[in-house]
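Subject: Handing over the structure

Hi there,

Here is the structure I promised to pass on. Please have a look, and then read on for what turned up in it.

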Amino acid sequence: MRKVTMAVESWPTKYPFSITGHTFIEARVLLVTLEQEGAIGRGEGTGIYYLGETGDTLLKQALTLKESLEKGLTRLELQTLLPRGGARNAIDCALWDLEAKLQNKSIWQLTGINPGDIITVNTLGIETPERMAAMASKLDTPKIKIKLDGQQVIQRLNAVRSARPDAELVIDANQGWTFDKLVELAPLCKELGVSMIEQPLPRGADAELENYKPPLPLCADESCLDTSEFEQAASRYQMINIKLDKAGGLTEALKLAELAAANGLGLMVGNMLGTSLGMAPAYVVAQLSQLADLDGPVLLKDDRDSSLNFTGGVVSVPKATLWG
C-alpha cells in the first residue's frame with residue numbers, strides 16, 4: 001500500500017502579475033505526495049485557470065483517485081481515469097518521481113532524454129510602457145516574453161526594445177487580439193525584432209489563421225491543450241506551447257512533443273505559474289523544445305527547497321532531491 005497525501009498550497013507572487021483578462025497574486029497549487037517502500041514521489045499542478053480550474057477543484061478531482069493510488073494505480077491507468085488538467089498533471093508527475101526513486105534511476109534514464117542547461121525567457125506582465133521598459137532593463141536573461149493585450153501594443157514593444165536592444169523578444173497576447181489586429185500588428189512586430197507571437201486570437205475563434213501567411217511564427221497555447229487538439233492547431237500555427245497542466249502531465253506532454261516534431265512544428269514549453277517542483281518535469285520537455293518559458297518560480301516570493309537555479313536566464317538541471 002502506498003501512502004498518499006494531497007493538499008492545496010498558496011505561493012504568493014512578488015507583485016501582481018497581469019495578462020489579458022487576468023491578474024495573478026498567488027499560485028494555488030495541488031501538491032501530491034506518494035510514499036512507497038521508503039521512496040517518496042511528488043508532483044505539483046496549478047490547473048487551467050481559463051477553463052475554471054482552481055486549487056480546490058484540482059484537490060476534489062484528485063481525491064477521487066486516492067484509494068486507487070493507494071492500491072498501486074499506474075501512470076498508464078491514470079491517463080484514462082482523469083481528464084487533462086492540473087489534477088492529472090500533479091498525480092502523473094508524482095508517479096514519474098516515485099518510479100525514479102523506486103528504481104534508483106534518474107528521470108533522464110527513464111525517458112532516454114539527455115539533460116542540458118536551458119535558457120528560459122523571463123516574462124513581463126502588462127504594465128505601462130514606461131514600467132515595462134524599467135522592468136525589462138533589470139531582467140537577467142537574453143530572452144524576454146512580453147504579455148500584451150490589445151492596447152498600446154507598439155508603444156509597449158518600442159519601450160521594451162529600447163530598454164533591451166540585445167534581447168530576443170517574443171509576444172504573448174493570451175487570446176487578446178482580433179484577426180484584423182494581428183494582420184495589422186504582425187509586420188510591425190517583425191520590424192521590432194520580435195521572433196514569435198503566441199496565441200493572438202481566442203481559443204475556438206482562430207479559424208481565419210488557416211489561410212493566413214504570417215510574417216513571423218505564430219504559437220498555439222490555449223488553442224492546443226493536448227494531442228487531441230494537435231491536428232487542428234497544426235493547420236493554423238507554426239509552433240505549439242506545451243504546458244504540463246494543459247496536457248495533464250509529463251506522459252501526455254512527451255506524446256505531444258513527439259507529434260509536433262514528427263509534423264515539423266516548432267516547440268515551446270511553458271507553465272501556468274508554480275514552484276520549481278512544477279517546473280522540473282517541464283524541464284524534460286524543454287530538452288525537446290526550441291523555446292522555454294520556465295520562469296514561474298522567479299515570479300513568486302518564495303520557492304521550494306532544492307529549487308532550480310536561475311542565473312543569466314540559464315536554468316540549472318533539477319536536483320533529484322527536488323524531483324526526478
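Two strands count as paired here if DSSP finds at least two bridges between them; strands (E, at least two residues) and helices (H or I, at least four) are DSSP runs numbered from the N terminus. Please bear in mind that this is a predicted model, where local features need pLDDT of at least 70 and side-chain atom pairs count only at pLDDT 80 or more, while totals for chains, interfaces and linings use all residues. Residues are numbered from 1 along each chain as its sequence is written, and side-chain values use heavy atoms, leaving out hydrogens and water.

Let's start with β6. Strand β6 (residues 143-147) runs parallel to β7 (residues 168-172), joined by 5 bridges, with isoleucine 144 opposite leucine 169 in β7. Strand β5 (residues 122-124) also pairs with β6 in the parallel sense, over 3 bridges, and leucine 124 has isoleucine 146 as its bridge partner.

Is β6 covered? Rather, how many of its residues are buried? The count is 5 of 5, buried meaning under 20% relative accessible area (1.4 Å probe, protein chains only). Lys143, Lys145 and Lys147 point one way from β6, and Ile144 and Ile146 the other.

There is also an open antiparallel sheet of 3 strands, in the order β1-β2-β3. β1 (3-19) and β3 (39-45) are at its edges with a single partner strand each, so one side of each has no neighbour in the sheet. Between β2 (residues 22-36) and β3 there are 7 bridges, and leucine 34 stands opposite glycine 41 in β3.

Best wishes

Terms used
Buried < 20%, exposed > 50% of the residue type's maximum accessible area, 1.4 Å probe, protein only.
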